[in-house]
Amino acid sequence: QVQLVESGGGLVQAGESLRLSCAASGSFFSINAMGWYRQAPGKQRELVARITRDGSTDYADSVKGRFTISRDNSKNTVYLQMNSLKPEDTAVYYCNVNIVLWSSRTVDYWGQGTQVTVSS
């Protein structure tokens, strides 16, 4: 069984920073891509940033230059450093991890979500 545990959300003022973490645990062969999504009230869930196993990254245009995604493969953990936060970044942030099971089947797992609130 695979578990994802997120941490690092909270309430900050505009211009401040937060760092989110998501750690995968359990029994599996390896991890492919890891990413962060967010969902604001009344809106669809959207991709924020994604990182492949070899470190290639992809960002939503709205966060380019402000957010940085990274991963520590030895800890099965993905991070999202969020700088210069804006009120429009307010959302529930979910990590998403594509895991290769021992059967070679790949499965997407989602974290429980962590609230990020940015006040103006």
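How many bridges pair strand 1 with strand 3, and in which sense, parallel or antiparallel?

1. Strand 1 and strand 3 (residues 18-26) pair over six bridges in the antiparallel sense. One of these strand 3 positions is Gly26, the bridge partner of Val2. Strands here are DSSP runs (E, at least two residues) numbered from the N terminus, and two strands pair if DSSP finds at least two bridges between them.

2. A word on the model: it is predicted, so to speak of local features takes pLDDT of at least 70 and side-chain atom pairs count only at pLDDT 80 or more, while totals for chains, interfaces and linings use all residues. Residues are numbered from 1 along each chain as its sequence is written, and side-chain values use heavy atoms, leaving out hydrogens and water.

3. Now the sheet. It is open, with four antiparallel strands in the order 1-3-8-7. Strand 1 (2-7) and strand 7 (67-72) are at the edges with a single partner strand each, so one side of each has no neighbour in the sheet. On average, neighbouring strands are turned by 15 degrees against each other, direction ignored (axes are lines fitted to C-alpha atoms).

4. Arg38 deserves a look too. It belongs to strand 4 (residues 30-39) and counts as buried because its relative accessibility is 6% (buried means under 20% relative accessible area, with a 1.4 Å probe and protein chains only).

5. The Arg38 side chain has polar contacts (N or O atoms within 3.5 Å, one able to donate a hydrogen and the other to accept it) with the side chains of Glu46, at 2.7 Å, and Tyr93, at 2.9 Å. Not counting residues up to four places away in sequence, Arg38 also touches others (heavy atoms within 4.5 Å), including Val48, Phe67 and Asp89.

How values were computed: Buried < 20%, exposed > 50% of the residue type's maximum accessible area, 1.4 Å probe, protein only. Axes fitted to C-alpha atoms, helices over the stretch in contact; angles between N-to-C directions.
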